[in-house]
Amino acid sequence: MPKKARLSGIKAFRTYTINEAAEVSGVSPRTISNWVKGGLSVLDDERPVLIRGDDLRDYIKSQRSERSRKTRLDTFYCVRCKAQRAAAAAMADCDLKHGRARLTALCESCGTVVSKPVAEAKITELGRTLDLRIERHV
Ligand SMILES: [Zn+2]
């Protein structure tokens, strides 16, 4: 069982290398690398890989909520509602880039923009419940 990741020290507006992200969230660099493969967003074309603090926090939060209440694939964590919400009108934009996918939608309750990374392999499954507008970036 991996160590539980910490959210408290992660600053939303700074960027972290893999090692820094590991240190601040209390997990191993290998775990962070796995998260990146699993859909954690990184800044485009930056080497070494840089991760935005808010993306890191969102990712840890989405993992926690998946564990604690079996989040459905087609729901999002809304920061304003502080809860899992469905997408308004069951519509979402899906941006595909470098084999990673990010869904963006509006919270059905408050209209706040919500987004989350998803595995590209899940897109077909998502398409059954969400009206996806898929954009591929090269
Ligand atoms: Zn909301």
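**View 1. Thr31 and its place in helix H2.** Thr31 counts as buried, as its relative accessible area is 19% (buried means under 20% relative accessible area, exposed over 50%, partly exposed in between, with a 1.4 Å probe and protein chains only). Thr31 is part of helix H2, residues 29-37 (helices, H or I with at least four residues, and strands, E with at least two, are DSSP runs numbered from the N terminus). From C-alpha to C-alpha, Thr31 and Ala5 are 9.8 Å apart in space, with their positions 26 residues apart in sequence. A word on the source: this is a predicted model, where local features need pLDDT of at least 70 and side-chain atom pairs count only at pLDDT 80 or more, while totals for chains, interfaces and linings use all residues. Residues are numbered from 1 along each chain as its sequence is written, and side-chain values use heavy atoms, with hydrogens and water left out.

**View 2. The buried residues of helix H1.** Helix H1 covers residues 18-25, and its buried residues are Ile18, Ala21, Ala22, Val24 and Ser25. Ser25 is buried, because its relative accessible area is 0%. Leaving aside residues up to four places away in sequence, Ser25 touches Lys4, Ala5, Arg6, Ile10, Ile32, Trp35 and Ile60 (contact means heavy atoms within 4.5 Å). Val24, with a relative accessible area of 17%, is buried too. With the same sequence neighbours left out, Val24 touches Arg6, Gly9, Ile10, Tyr16 and Leu56. Look just past the helix as well: Gly26, just after H1, takes a positive phi of about 75°.

**View 3. Two domains and the contact between them.** The domain assignment splits the chain into domain 1 (1-70) and domain 2 (73-138) (the bounds come from an automatic or database domain assignment). Their C-alpha centres lie 19 Å apart. Twelve residues from domain 1 and seven residues from domain 2 take part in the contact. For a sense of distance, try Val24 and Leu106: their C-alpha atoms are separated by 30 Å, and the two residues are 82 apart along the chain.

**View 4. The zinc ion and its four cysteines.** Which residues coordinate the zinc ion? They are Cys78, Cys81, Cys107 and Cys110, each through SG, at 2.2 to 2.4 Å (donors are N, O and S atoms within 2.8 Å of the metal, or 3.2 Å for Na, K and Ca; water is not among the atoms, so sites may look incomplete). The arrangement is tetrahedral because the four donor atoms subtend angles of 102 to 114° around the zinc ion (four donors count as tetrahedral if all angles lie between 85 and 135 degrees). Along the chain, the donors follow the spacing C-x2-C-x25-C-x2-C. Cys78 lies in strand E3 (residues 75-78) and Cys110 in the loop between strand E6 (100-106) and strand E7 (113-119), so this pair ties together parts that are 32 residues apart in sequence. Cys78 is buried at 0% relative accessibility, whereas Cys110 is partly exposed, with a relative accessible area of 28%.

**View 5. The hairpin of E3 and E4, with Lys82 in its loop.** Strand E3 pairs with strand E4 (residues 83-86) in the antiparallel sense, over four bridges (two strands pair if DSSP finds at least two bridges between them). Phe76 has Arg85 of E4 as its bridge partner. The hairpin has four residues between the strands. Lys82, found in the loop between E3 and E4, has a positive phi of about 55° although it is not a glycine. Most residues other than glycine have a negative phi. Lys82 counts as exposed, at 60% relative accessibility. Ala89 offers another case to look at: in the loop between E4 and E5, Ala89 has a positive phi of about 60° although it is not a glycine. Ala89 is exposed, with a relative accessible area of 66%.

**View 6. The open sheet of four strands.** Its strand order is E7-E6-E5-E8, with mixed pairing. E7 and strand E8 (131-136) stand at the edges with a single partner strand each, so one side of each has no neighbour in the sheet. From one strand to the next, the twist averages 25° (axes are lines fitted to C-alpha atoms, for helices over the stretch in contact, and angles run from 0 to 180 degrees between N-to-C directions). Strand E5 (residues 91-97) and E6 pair in the antiparallel sense over five bridges. Leu96 has Ala101 of E6 as its bridge partner.

Technical notes
Four donors count as tetrahedral if all angles lie between 85 and 135 degrees; four count as square planar and six as octahedral if opposite donors are over 155 degrees apart and all others between 65 and 115; anything else is irregular.
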